[in-house]
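Trainee: Could you take me through one part of this model in detail, starting with the nonpolar patch on the surface, and then place that part within the rest of the chain?

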Amino acid sequence: MASRTANSIRNAKVGLIIYAFDLLLTFFSRKYFIEFWGPELLGLNSLAKSLLQFLNLAELGIATAVGCSLYKPLFEKDQKTVNEIISLQAYFYRWIFYFILSASVILMAFFPLIFADSGVPLYYAYATYIALAVAILLSYRVNYRQIIFTADQKQYVSTFLFQGGRVVKSTLQLGVLFLCAPAYGYWIWLGMEVVMAIASSVGLELAVRKQYPQLVTSPALGKQVRKQYPGVITTTKQVFFHRFGGFALAQSSVVIIYAYATLTDVTIFDNYNFIVIGLAVMWSTLFGGSTASVGNLIAEQPGKVQSLYWELFSFKTWLCGIVVCATMFLAQPFVTLWVGAEYVMPKMALVWLMGTLFIRLFRDSTDVFLYAFGLYKDIGAPIVEAALNIGLSVLFGYYWGLPGIMAGVFVSLFIVVFLWKPFFLFREKMSQRPAVYFRRAALHLSLIAVSILVTYYLKNLLPIDPIASYAQWLLYGLCIVFICGGISFGLFYAFIPGMRTFSRRLLSLRPIRHR
């Protein structure tokens with residue numbers, strides 16, 4: 001069996017390569033989308049996706065609960081249990097499919113009210129929503145079986161199919177922008193959303209049948225065995241509340257901004273949010289495969305979890321600091337080059353957004369262990385997070401506009417994600433007290449802050465104008481990364497033992513050993 005480290009690296013390599021291509025193509029697509037079809041239509045796409053994600057809350061977190069339940073039977077090669085658990089997922093997903101389909105029909109009846117002042121014809125809203133809904137509906141009828149790749153540390157397979165499909169789709173859509181007349185080009189654009197969603201689903205089904213011919217699932221079997229797995233039901237109920245908190249973070253800002261402003265303002269925010277989401281997804285792609293590896297370690301060698309946590313925590317925090325530092329200094333000039341100075345976000349809004357980005361990346365160090373342990377019972381945390389997120393964003397947004405909305409998001413994340421989540425993990429499963437975590441986290445963050453501060457002063461000495469051209473911007477970015485990365489690595493290596501251990505392990509690619 002391949003080592004956990006090797007599987008995680010394989011998942012990360014495939015995911016990063018494909019996602020990098022997808023991200024690059026999508027940047028070009030958004031730029032020319034605005035030029036050919038206007039910011040209102042792009043804002044319409046963002047709002048339609050947010051509405052769909054709200055309905056997608058019906059998923060409840062079943063996939064997460066199923067993934068946690070699969071680690072042990074996959075390790076023990078208990079095929080009967082694997083078939084039954086995934087069939088249970090199929091049974092629940094069938095009903096969710098019907099719910100989302102019905103709810104979408106009801107929601108579209110209110111489109112004349114929702115999009116009354118959108119500035120685009122109403123039939124565009126209907127067509128956009130329906131095209132984007134196809135991919136979500138397919139996930140409940142076909143794509144659910146991809147969970148076996150994730151749980152079996154082979155996430156690179158599903159990543160290749162779906163992210164690879166996105167690369168092909170983005171390439172074709174970019175061609176539509178240049179080759180098709182604006183009058184009907186948007187309809188071809190939407191058609192490609194549907195066609196590629198279907199193609200990826202077919203490819204996934206063929207891959208599952210080839211690699212897991214013994215996997216036989218059906219909603220009928222899931223209905224028969226649903227009472228045999230009460231743990232899956234319990235975990236699902238707990239995960240639902242966490243998904244609700246995640247939805248409030250990811251989707252509510254777009255709706256709140258639209259309530260206060262216009263679709264053009266939604267596009268301004270969404271351009272930056274696209275950068276943030278792109279970095280977050282790339283981060284998730286880089287480290288997403290580690291969840292199954294940690295779950296596998298917990299099943300095999302639970303005594304080694306503590307040392308692994310601190311090694312990953314040190315490395316991820318260091319990398320997180322570099323990403324946020326670079327984004328903070330490169331976002332404004334990039335947006336200026338990309339879509340124009342008129343789409344640049346206010347500086348205070350950017351500061352709050354960067355704080356949000358840091359916590360969104362930083363939380364992965366703790367979340368991956370919470371997921372691997374199946375710790376979802378703190379259902380009050382996401383409720384508080386969602387209430388703070390929406391409430392403070394609405395309140396601060398009323399007084400301070402976009403910067404206030406971003407500040408509301410940051411405060412909610414700081415309280416729940418930065419303070420509560422690590423405390424909960426260490427109280428429940430770790431051998432050390434939560435106070436140990438906060439002392440070590442404070443040291444890590446202090447070193448990151450010093451690195452960013454030194455980089456801020458040193459960057460002013462660079463004889464490069466980042467808004468002169470993409471080449472200048474790229475050179476400027478490489479200098480920022482080199483300066484911040486070098487300073488922070490030196491500080492981490494000198495003061496944090498976990499960073500030294502992880503660095504040696506990464507270079508040698510040795511299997512995990514307990515210190």
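Mentor: Helix α17, which spans residues 380-400, supplies the largest share of the nonpolar patch, with 6 residues coming from this one element. Bear in mind throughout that the model is predicted. The patch itself lies on the surface and is formed by Tyr260, Ile390, Val394, Leu395, Tyr398, Tyr399 and Trp400, which together have about 780 Å² of accessible area. Val394 deserves a closer look as a member of the patch, and its place is in helix α17. Val394 counts as partly exposed because its relative accessibility is 35%, and the partly exposed class runs between the 20% limit for buried and the 50% limit for exposed.

That patch belongs to a chain whose secondary structure comes to 21 helices and 0 strands. The accessible surface of the chain is about 22300 Å², and carbon and sulfur atoms account for 69% of that area. Of the 515 residues, 56% are buried, and among contacts with a separation of 6 or more, 83% join residues that are 24 or more positions apart.

Thr455 offers a counterpart to Val394 for the interior, and its place is in helix α19, residues 434-459. With 0% relative accessibility, Thr455 counts as buried. Setting aside residues up to four places away in sequence, Thr455 touches Cys325, Phe329, Ile480, Ile483, Cys484 and Ile487. The pairing with Ile483 spans 28 residues in sequence, while the two C-alpha atoms are 6.3 Å apart in space.

Helix packing can be followed in one pair, for which the angle and the distance between the axes serve as the description. Helix α14 (residues 305-338) packs against helix α16 (residues 364-373) at an angle of about 150°, and their axes are 9 Å apart. On the α14 side the contact is made by Val305, Leu308, Tyr309, Leu312, Phe313 and Lys316, and on the α16 side by Asp364, Ser365, Thr366, Val368, Phe369 and Phe373. Sorted by class, this contact comprises 8 nonpolar, 2 polar and 2 charged residues.

A last detail concerns a loop, the one between α3 (62-75) and α4 (79-108), where Lys77 is found. The phi of Lys77 is near 55°, a positive value in a residue other than glycine, whereas most residues other than glycine have a negative phi. Lys77 counts as exposed because its relative accessibility is 67%.

Notes
Residues numbered from 1 in each chain as written. Predicted model: local features only at pLDDT ≥ 70, side-chain atom pairs only at ≥ 80, totals over all residues. Heavy atoms only, no water. Helix = DSSP H or I, 4+ residues; strand = E, 2+ residues; numbered from the N terminus. Buried < 20%, exposed > 50% of the residue type's maximum accessible area, 1.4 Å probe, protein only. Contact = heavy atoms within 4.5 Å. Areas by Shrake-Rupley, 256 points an atom, 1.4 Å probe, with all protein chains shown as cover. Patch = residues over 30% accessible without salt bridge, like charges linked within 9 Å, V, L, I, M, F, W, Y side chains within 5 Å. Salt bridge = Lys/Arg side-chain N within 4 Å of Asp/Glu carboxyl O. Axes fitted to C-alpha atoms, helices over the stretch in contact; angles between N-to-C directions. Nonpolar A, V, L, I, M, F, W, Y, C, P; charged D, E, K, R; others polar.
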